Amino acid sequence: MRHEPRAAARLESFGFQQVYDYVDGKADWYAWGLPMEGTAVTQLRAGQLARPDVPTARLDEPVGAVSRRTEAAGWNTAVVVNAEQVVLGLLRPAAFGQHPAMLVEAVMEEGPSTFRPHATLDAPRRNMERHRVGGIPVTTPDGRLVGFLRREDLDQASHAEANTSA
């Protein structure tokens with residue numbers, strides 16, 4: 001049996017051939033970072049500020065190699081991902097002080113907090129303040145890396161918004 005809500009059925013009655021029913025709903029649509037409309041677009045979202053250029057690392061890499069690559073890119077944090085870009089952990093500044101031959105898997109912060117692209121900026125900010133960290137990964141609902149939301153970018157965006165509304 002085909003699931004056919006009223007809106008999709010009506011579109012088909014107008015002659016549309018490719019009609020899709022997105023059954024997971026609006027919240028899931030937003031969580032994937034897909035386009036938003038209406039009043040939802042007026043607020044900045046985590047996905048808009050997340051930096052996709054954050055350095056990444058694999059579990060089996062030596063910390064020294066990742067440290068050099070991360071520093072050369074102007075970062076002090078790297079996101080540990082698998083081949084599908086699923087976030088497995090983080091290498092924060094303290095991890096880079098470990099012996100350079102140690103593997104990433106041995107020194108990474110496992111299971112970091114993440115936020116979805118549609119998250120407003122208040123929740124990530126509170127999380128960063130509570131855990132005293134400089135940033136948080138932004139991921140899709142299946143855990144794939146979108147980018148890294150840095151505290152300094154949040155602060156700059158908040159400052160810019162305050163100046164715009166004043």
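Begin with the whole chain in view and follow it along the sequence, where the helices and strands come in the pattern α-α-α-β-α-β-β-α-β-α-β-β-α. What you have open is a predicted model, and its secondary structure comes to seven helices and six strands.

While the whole chain is still selected, consider how it is packed. Of its 166 residues, 37% are buried, and the accessible surface comes to about 10200 Å², with 52% of that area belonging to carbon and sulfur atoms. If you look at contacts between residues at least 6 apart in sequence, you will find that 52% of them join residues at least 24 apart.

Next, select the strands β1, β2, β3 and β4, which together form an open sheet in that order, with mixed pairing. At the edges of this sheet are β1, residues 56-57, and β4, residues 109-110, each of which pairs on one side only. Now keep β2 and β3 highlighted: β2 covers residues 78-81, and the two strands pair in the antiparallel sense over four bridges. To see one particular partnership between them, select Val79 and then Leu90 in β3, since these two residues are bridge partners.

From β3, which spans residues 87-91, move along the chain into the loop that leads to α5, residues 104-107, and stop at Ala95, which lies in this loop. Is Ala95 buried or exposed? Its relative accessibility is 9%, and because residues under 20% are classed as buried, Ala95 counts as buried. Show the surroundings of Ala95 and, leaving aside residues up to four places away in sequence, you will find that Ala95 touches Val63 and Val107. You can also draw a distance from the C-alpha of Ala95 to the C-alpha of Ala78, which comes to 9.9 Å, although the two residues are 17 apart in sequence.

For the last stop, turn to the largest pocket, which holds about 180 Å³ of space. Which residues lie nearest its centre? Select Asn76, Thr77, Gly134, Gly135 and Phe148, which have that position among the 13 residues of the lining. The elements that give two or more residues to this lining are β6, residues 145-150, and α7, residues 151-165, so it is helpful to colour both of them before you continue. If you then colour the lining of the largest pocket by class, you will see four nonpolar, five polar and four charged residues.

Notes. Residues are numbered from 1 along each chain as its sequence is written. This is a predicted model: local features need pLDDT of at least 70, side-chain atom pairs count only at pLDDT 80 or more; totals for chains, interfaces and linings use all residues. Side-chain values use heavy atoms; hydrogens and water are left out. Buried means under 20% relative accessible area, exposed over 50%, partly exposed in between (1.4 Å probe, protein chains only). Contact means heavy atoms within 4.5 Å. Accessible areas come from the Shrake-Rupley method with a 1.4 Å probe; for residues, only the protein chains shown count as cover. On a 1 Å grid over the protein atoms alone, a cavity is a set of points where a 1.4 Å probe fits but cannot get out, and a pocket is an open set with protein on both sides within 12 Å along at least five of seven lines; lining residues have an atom within 4 Å of a point. Grid points are joined across faces, edges and corners, and a volume is the space filled by probe spheres set on the points. Ala, Val, Leu, Ile, Met, Phe, Trp, Tyr, Cys and Pro count as nonpolar, Asp, Glu, Lys and Arg as charged, and the others, Gly among them, as polar. Two strands pair if DSSP finds at least two bridges between them.
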